Amino acid sequence: MTDVMPLAGFAIGITAARRADELGALLVRKGATVRYGPAIRIVPLADDTELHAATRLLLEEPVDAVVATTGIGFRGWIEAAEGWGLGEALLDRLASTNVLTRGPKAKGAVRAAGLSEAYSPASESNAELLQHLLDSGVDGQRIAVQLHGEPLPHFVDSLRSAGAEVVEIPVYRWVGPTDPGPLDRLIDAVLDGSVDALPFTSAPAAASMLAMAKRTGRQPALVDALTRRVLVACVGPITAGPLAALGIPTVQPQRARIGALARTLSEALIARSPRLCAAGRQIELRGQAAVVDGQLCEVAPAPMAVLRALARQPGRVVSRRELTAALPSGGEEHAVETAIGRLRTSLGEGRLVQTVVKRGYRLAVVAEGESA
């Protein structure tokens, strides 16, 4: 018997643009099958006229504070400014003001640029950073806020309401994918039951996927799948925002890190995998497979849906009508018979699924008072 990797038998969809390969590699090393469907792309910094204009605006007058929200964004801003011949002027301006960093990566980028931070919240949250600024008093101050791919309306509006002039620095921008085909196919895969989990690393990616589903008339079905069947993991509460707005539950790591996200996703998938005994065999249900006595058996979506329906109450007879409703694409009752046949073949043991004449099917679980 060979050891089965923790995520073997699970299919995971990745919508990220930045660090998609890194996240995918972490999951593949645990045995998962990964499908990519980028939901967004990043506008290159050097080509971004908005960033160029914001940088020149910042340099026109002294600034009282600069907020760095991400390491990659801050580094990219400095590199882009150097490409425009504004690097030295920007660093001089930043050296003469208070630089506040959201977390350790932003802090590291600031220090790598030869600067030092005046404040960095222990929670690594924008909320604590904002509260620090408001508590210190910002009335009449000029504050630059480095955005991280999307606007920060609450952060910026709160500063302006407190009397600050805010210069927004859009260090990179999210836009829709150049080729929407992979994302379109990933949504279909979620709906047909061949994707078990979706990790999200940014709110724009989550919002973009939901928006595509809405444009194509699939949002209700997608929300239903993400609510009832597919595990959704987010790197943090900001990323989870667009999903939470539609009532979609998510799991999140304690620390907003790619590695922690992969671990949290893995642990959650394993924890929700049903385990049972039938026909004397130990069975663990995974997304696209079953582990029977330590042997991984791949199972197609329709037979897997039938197996899950039978496993909800092991040993209970499930009617053909109930099993038909459980199939990813519905169908007639003969589709259930086909799925049962394929399931028995996939599991390599026909006795695991019993036919109860004129009633339906059940897993071969010995109930109390019965003989094996």
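Visitor: Which residues of helix H1 (residues 20–29) are buried?

Guide: In this predicted model, Ala 20, Leu 23, Gly 24 and Leu 27 are the buried residues of H1. They span an arc of only 100 degrees around the axis, which places them on the same side of the helix.

Visitor: Why do residues three or four places apart point the same way in an α-helix?

Guide: An α-helix has 3.6 residues a turn, so positions three or four apart face the same way.

Visitor: Which exposed residues does the face of H1 turned away from its buried side carry?

Guide: That face carries Asp 21 and Arg 29, both exposed.

Visitor: And what covers the buried residues of H1?

Guide: The cover includes three strands, S1 (11–14), S2 (33–36) and S8 (197–200). Helix H12 (258–271) is also part of the cover.

Visitor: What comes after H1, and what is its phi?

Guide: Gly 31 follows H1, with a positive phi near 105 degrees.

Visitor: Now the loop ahead of H1. Where is Ala 17, and what does it touch?

Guide: Ala 17 lies in the loop between S1 and H1. Leaving out residues up to four places away in sequence, Ala 17 touches Ile 40, Arg 41 and Trp 174. With a relative accessibility of 33%, Ala 17 counts as partly exposed. Its C-alpha atom is separated by 19 Å from that of Ala 32, which is 15 residues apart from it along the chain.

Visitor: Next, helix H3 (residues 71–83). How many residues does H3 have, and what should they span?

Guide: Take 1.5 Å a residue as the rule. The 13 residues of H3 should then span 18 Å. The end C-alpha atoms are 18 Å apart, so the model agrees with that expectation.

Visitor: Which residues of H3 are buried?

Guide: The glycines among them are Gly 71, Gly 73 and Gly 76. Phe 74, Trp 77, Ile 78, Ala 80 and Ala 81 are buried as well.

Visitor: What happens at the start of H3?

Guide: Look at Thr 70. A side-chain oxygen of Thr 70 reaches to within 3.1 Å of the backbone nitrogen of Gly 73. Thr 70 itself sits in the loop between strand S4 (65–68) and H3.

Visitor: Is Thr 70 buried or exposed?

Guide: Thr 70 has a relative accessibility of 10%, so it counts as buried; the cut-off for that class is under 20%.

Visitor: What does Thr 70 touch?

Guide: Setting aside residues up to four places away in sequence, Thr 70 touches Arg 102, Ala 106, Gln 146, His 148 and Tyr 172. With Gln 146, the side chains share a polar contact of 2.9 Å.

Visitor: And what follows H3?

Guide: Just after H3, Gly 85 takes a positive phi of about 80 degrees.

Visitor: Which residues other than glycine have a positive phi?

Guide: Two cases can be shown here: Asp 293 and Lys 358. Phi of Asp 293 is near 50 degrees. Asp 293 is in the loop between strand S12 (289–292) and strand S13 (295–298). At 35% relative accessibility, Asp 293 is partly exposed.

Visitor: Where is Lys 358?

Guide: Lys 358 is in the loop between S14 and S15. The two strands form a hairpin with three residues between them, and Lys 358, in the turn, has a positive phi of about 65 degrees. Lys 358 is exposed, at 82% relative accessible area.

Visitor: In what sense do strand S14 (residues 353–356) and strand S15 (residues 360–363) pair?

Guide: Antiparallel, over four bridges. One pair to find: Gln 354 has Arg 362 in S15 as its bridge partner.

Visitor: Which residues does Ala 278 touch?

Guide: Again not counting residues up to four places away in sequence, Ala 278 touches Ile 283, Leu 352, Ala 364 and Val 365. Ala 278 and Leu 352 are 74 residues apart in sequence, and their C-alpha atoms are 5.9 Å apart in space. Ala 278 belongs to strand S10 (residues 275–278) and is buried, with 1% relative accessible area.

Visitor: Last point, confidence. What pLDDT does the chain average?

Guide: The average is 89, and 95% of the residues score at least 70. Over residues 367–372, however, the pLDDT is below 50. Beyond near neighbours in sequence, that stretch has four contacts in the model. Where pLDDT is low, predicted coordinates should not be read in detail.

Key:
Residues are numbered from 1 along each chain as its sequence is written. Side-chain values use heavy atoms; hydrogens and water are left out. The expected span of a helix is 1.5 Å times one less than its number of residues. Buried means under 20% relative accessible area, exposed over 50%, partly exposed in between (1.4 Å probe, protein chains only). A polar contact is a pair of N or O atoms within 3.5 Å; within protein, one must be able to donate a hydrogen and the other to accept it, and residues adjacent in sequence count only if both atoms are side-chain atoms. The arc is that of the directions from the helix axis to the C-beta atoms. Contact means heavy atoms within 4.5 Å. Two strands pair if DSSP finds at least two bridges between them. pLDDT is the predictor's confidence in each residue, from 0 to 100.
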